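Here are a few short exercises to help you find your way around a new structure. Try each task yourself before you read the solution.

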Amino acid sequence: MTDRPIVGITKPQKGDNLAYAAIALAVRLAGGEPETLTTGMSWREAPIDALIIGGGSDVFPPHYNQEAIEDAHYDRGRDEMEMYWARTARNTDLPTLAICRGAQVMNVAGGGTLHQELEGVFEDVDYPSTLPGHILYRKEIETTDDSLIRDILGKATVKVNSIHKQAIARIGKNLVITAREPNGVVQAIEDPSKTFYLGVQFHPEFLTYRGRFRRIFERLVAAAYEARTTSAQPQS
């Protein structure tokens, strides 16, 4: 077994390779060992020390009592896998970071709901949908006092990227909203009773040229290492 904490990273069985590679690199730079979790493997038995629920396609709306959009792409198998891991991680206090779709999965797994469309719910949501816009566009978010995300980022207000078209609506049980945009769009959720259970709507894996965003992965890996070390200690 590697001395580096093993960080399971969820992804679809096909595609999303760029985002996965960026997350895996961020994990390696933080001192962790990335491990792929897909529906094409025995994912329930994966021996991991931490979890990252990655981005991707929309969560199947019936999971939060809404109608599916006609002709939309859904990955029902991935939903099952990630709902399982989101709940298992929370129940066992497994350090967990959820990104974009992952944050939405985290919320739905906790009994929350989503806005399938931002327009008509929030103002000023004309975010870019082109590749250059996804790379270059930045928007401001405000983090809350005494939150994990504020502690990691070290600032009340930061600028993040925008690669999403849905958002968290009703918050799940015992989760708290810890960052929003000025228009109200949720940008971070947490379970403050857990060691590290954080969901972010933005994509920190594409912002690792900034130290504050690398710290998200560093703190996740540090929490995993601490949990592994503590569990390895002999019981008195």
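**Exercise 1: a bridge across the chain**

In this predicted model, lysine 165 and aspartate 58 form a salt bridge, with their closest N and O atoms 2.9 Å apart. Work out which parts of the chain the pair ties together.

Solution. Start with lysine 165: it sits in the loop between strand E7 (157-160) and strand E8 (167-168). Now find aspartate 58, in the loop between strand E3 (50-53) and helix H2 (76-92). These parts are 107 residues apart in sequence, so the bridge ties together two loops from well-separated places in the chain. Next, check the cover on each partner. Lysine 165 has a relative accessible area of 48%, which makes it partly exposed. Aspartate 58 comes in at 12%, and since buried means under 20%, aspartate 58 counts as buried.

**Exercise 2: two bridges from helix H2**

Compare the salt bridge of arginine 78 and glutamate 82 with the one between aspartate 191 and arginine 90. Where do the partners lie?

Solution. Take arginine 78 and glutamate 82 to begin with: their N-to-O distance is 2.7 Å. Both lie in helix H2, 4 residues apart, or about one turn of the helix. Both are buried, too. This pair also belongs to a wider network of salt bridges that links Arg78, Asp79, Glu82 and Arg101.

Now turn to aspartate 191 and arginine 90, which meet at 2.8 Å, N to O. Arginine 90 is in helix H2, but aspartate 191 is in the loop between strand E10 (186-190) and strand E11 (197-200), so this pair links distant parts of the chain, 101 residues apart. Here again, both partners are buried. To put these bridges in context, the structure holds 11 salt bridges.

**Exercise 3: into the core**

Find out how many residues make up the largest nonpolar core, and which of them have the most contacts inside it.

Solution. The count is 34 residues, and Ile52, Leu97 and Phe217 have the most contacts within this core. Then ask which elements feed it: those supplying at least two residues each include strand E1 (6-10), helix H1 (17-29) and helix H6 (211-232). H6 gives the largest share, 7 residues. Zoom in on isoleucine 52 and leave out residues up to four places away in sequence: among its contacts are Val7, Ile23, Leu97, Phe217 and Leu220. Finally, look for a second, separate core: it has 26 residues, including Ala46, Leu51, Ile53 and Ile189.

Methods:
Residues are numbered from 1 along each chain as its sequence is written. This is a predicted model: local features need pLDDT of at least 70, side-chain atom pairs count only at pLDDT 80 or more; totals for chains, interfaces and linings use all residues. Side-chain values use heavy atoms; hydrogens and water are left out. A salt bridge is a side-chain nitrogen of Lys or Arg within 4 Å of a carboxyl oxygen of Asp or Glu. Buried means under 20% relative accessible area, exposed over 50%, partly exposed in between (1.4 Å probe, protein chains only). A nonpolar core is a set of buried Ala, Val, Leu, Ile, Met, Phe, Trp, Tyr and Cys residues joined through side-chain atoms within 4.5 Å. Contact means heavy atoms within 4.5 Å.
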